[in-house]
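Me: I am new to this structure and would like a close look at its interior, taken slowly and with each term explained. Please start there and then work outward to whatever joins it.

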Amino acid sequence: MKSKIKWAALGGLVLSFASLLIHLFLAKSSADLVQYTAITLFTEDLTPTLATRKGPGFRKLWGNVKSLEPLHPHPNPRSTYPVAVEHNNGFIYAKISGSFEKIRNSIVDLVAISRLLNATLVIPEIQESIRSKGISSKFKSFSYLYNEDQFIAALANDVTIVKSLPPILREARKRKEYQIFKPKSSAALKFYTSEVLPRLKKAKVIGLILTDGGCLESALPPSMAEYQRLRCRVAFHALQFRPEIVALGKLMVERLQASGQPYLAYHPGLKRDALAFHGCAEIFQDIHTELIQYRRAQLIKQGIISEELSVDSHARKRNGSCPLMPEEVGLLLRAMGYPPRTRIYLAGSETFGGQRVMIPLRAMYTNLVDRTALCSKKELANLVGPEIPLLPDPDKLLPAKSTNQLKAEWDKTGPRPRPLPPPPDRPIYRHEKEGWYGWVAEKDMEPEPSPNDQREQAHRLLWDALDYIVSVEAEAFFPGFDNDGSGPDFASLVMGHRLYEMASARTFRPNRKYLAELFNSTVDHLYYPPRNWTLAVREHLNKSLAEEGLLQESSRSKTKFFLSHPIPECLCSTVKATDISHSGKNSNLHLLFEGQGECPRSMQQERTQETNTDEVDSQEDETDLDGQSESEGYNGTDTIPSLEQDEEMDPDD
């Protein structure tokens, strides 16, 4: 009897062990087959569900801006615009380098220049994807980001575009027989008509090298409005990402909107170059300040900055020249009423300071995610394509010493003198050497980019493309920083695209100078500010969503970066400016619609139907907002509130 029990127990152990092995094998073999789901990624949401999407509470946080709903995209030619011909003045080829936003703006300007000079454009080369060693041969140059065939077909009526030069001209280009120009982003029309065009007609080929984020001035005379509309057709229609990027970007949007929830996209704007350019080193600490100052010294040496190396960063912050820190953005969103479990997408391939600067924002909003949280490693690897593995940089790795080696070194040191010598310098740990900033620990000069660094620069273009798709499709967008028209940047590009695609979408355009004054007024009660401070934040940000924010953005940005504010050339209105002036509405709305062309009748009919269905809802919203203003006793002025007016804050704000 005992032997049978022993055999039964032994059989049970064997079966249990076999079952464990089978489970481990199945788990390992099916790891790559598991479908990613965003449903389990987010904690329980407190935002309104689908059942209350039409309620006033939902519309205050996520609804469209009613006053901007008459604006619609209309980039089609509105005057005589002859079709591009093959027999023209010659070919233009270009090499483009820079960040995602600079590359995109440079391509847009290239098409406009080709049209201006009546030239055939050769598909430009994106240097970040060409210089990277071992990058996927499946995607390279222009096709690394964009769909070449779509680009050529969409602009067939505007510019003749070819994929390469004819063989004879290609050989002459290799021998460097053609003149190359290096225009700045502010190059005037006269430069092309008087200097470039004669050389093009003579040689039939010219080359352009673009590193400044463009090659044509942003503000063009009113007579060249068709060229501005051409810019919009290129940026918002012809420049489509390659199918793999579009598919993954849409998948990320679906995961964010799972269970019918809206989401807000946030771009911190914390880039090393921007921080160095504007002198914002002191808002960081330790090694980050040193890195920013080193980059600022480089920009001064290159002639890009004509100021002193050391400036008062806190004064720059008060002036609105520095980005809003993630902690400040979290407080602003809380003041607006966004609940703690609002889904927030963190955009931007580079966030200077890393995850450490995001800790306060993550503490306030637990559903803060980025591409690494929404996509599996396999999905991101498929987007990059097959690449040749690179050896790790020897300068970034410290050789690991065994226990025997350490003991041998200790034994060789001999007797210890008394008193002991001063302690050695702080050791350099491995994690300090593995980052891109590891050179600071041992060297005074920043090393040249390694093959791994160059590959990462190319990958950042892909990550920015994904973030661009997700940011444009978001129900709300909040920029932590934009260049205020001093040059192309990611946030301004997204804001301009959202304005073009759907002007009424919730796109915040905060005035950082005014917000800095607000934060200084309650610096001792940052997390528990007075209620009138919260109301001042709400009023300012709500104004930034509407016509007042658009007018301020136009005065700051349009003259230096057209794509950030493509109004009035690329949009039309279903409401006439005269009708607004007779209706007695505010002057800002009248100024905004003054230069807008009238939309075609088809758009006006669609708008009339939408107005009839939403009329009751808008009346309810206005009534609710008016009641709120009266009950809270807020006078609506845009001044810094006094802290003595109200010493307590509602915890629900």
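Reply: Two residues are said here to be in contact when heavy atoms of theirs lie within 4.5 Å. The model is a predicted one, in which local features need pLDDT of at least 70 and side-chain atom pairs count only at pLDDT 80 or more, while totals for chains, interfaces and linings use all residues. Residues are numbered from 1 along each chain as its sequence is written, and side-chain values use heavy atoms, with hydrogens and water left out.

As a frame for the interior, the protein chain has 26 helices and 14 strands, where helices (H or I, at least four residues) and strands (E, at least two) are DSSP runs numbered from the N terminus. Of its 653 residues, 47% count as buried, a word used for a relative accessible area under 20%, with exposed meaning over 50% and partly exposed in between (1.4 Å probe, protein chains only). If one takes the contacts between residues at least 6 apart in sequence, 81% of them join residues at least 24 apart.

In soluble globular proteins, nonpolar side chains tend to be buried together. A nonpolar core is, by definition, a set of buried Ala, Val, Leu, Ile, Met, Phe, Trp, Tyr and Cys residues joined through side-chain atoms within 4.5 Å. The largest such core here has 144 residues, and those with the most contacts inside it are Phe-100, Phe-151, Leu-264, Tyr-338 and Phe-478. Helix 19, which covers residues 451-473, gives the most to this core, namely ten residues. A second core, separate from this one, has eight residues, including Phe-91, Tyr-93, Val-122 and Tyr-178. To see one member of the largest core in its surroundings, consider Leu-264, which, if residues up to four places away in sequence are not counted, touches Trp-62, Leu-333, Tyr-338, Arg-343, Ile-344, Tyr-345, Ala-476, Phe-478 and Phe-508.

From the core one can follow helix 19 to a neighbour. Two packed helices are described by the angle between their axes and the distance between the axes; the axes are lines fitted to C-alpha atoms, for helices over the stretch in contact, and the angles run from 0 to 180 degrees between N-to-C directions. Helix 19 and helix 20 (residues 490-501) pack at an angle of about 40 degrees, and their axes are 9 Å apart. The two helices are therefore oblique to each other, since angles under 35 degrees count as roughly parallel, over 145 as roughly antiparallel, 65 to 115 as roughly perpendicular and the rest as oblique. Their crossing is right-handed; a crossing has that hand if the near helix is turned clockwise from the far one by less than a right angle, and is left-handed if anticlockwise. On the side of helix 19, Asp-464, Asp-467, Tyr-468, Ser-471, Val-472 and Glu-473 take part, and they meet Phe-490, Leu-493, Val-494, His-497 and Arg-498 in helix 20. Sorted by class, this contact has five nonpolar, two polar and four charged residues, with Ala, Val, Leu, Ile, Met, Phe, Trp, Tyr, Cys and Pro counted as nonpolar, Asp, Glu, Lys and Arg as charged, and the others, Gly among them, as polar.

Asp-467 also leads to a charged residue of the interior, for Arg-371 is in contact with Met-252, Tyr-345, Gly-348, Ser-349, Trp-463 and Asp-467, leaving aside its neighbours within four places in sequence. Arg-371 is found in helix 15 (residues 371-374), and it counts as buried because its relative accessible area is 15%. Arg-371 and Asp-464 are 93 residues apart in sequence, yet 10.0 Å apart in space from C-alpha to C-alpha.

Glu-328, in helix 13 (residues 326-336), is likewise a charged residue that counts as buried, because its relative accessible area is 15%. Leaving aside neighbours within four places in sequence, Glu-328 is in contact with Lys-317 and Phe-519. Glu-328 and Gly-480 are 152 residues apart in sequence and 9.2 Å apart in space, again from C-alpha to C-alpha.
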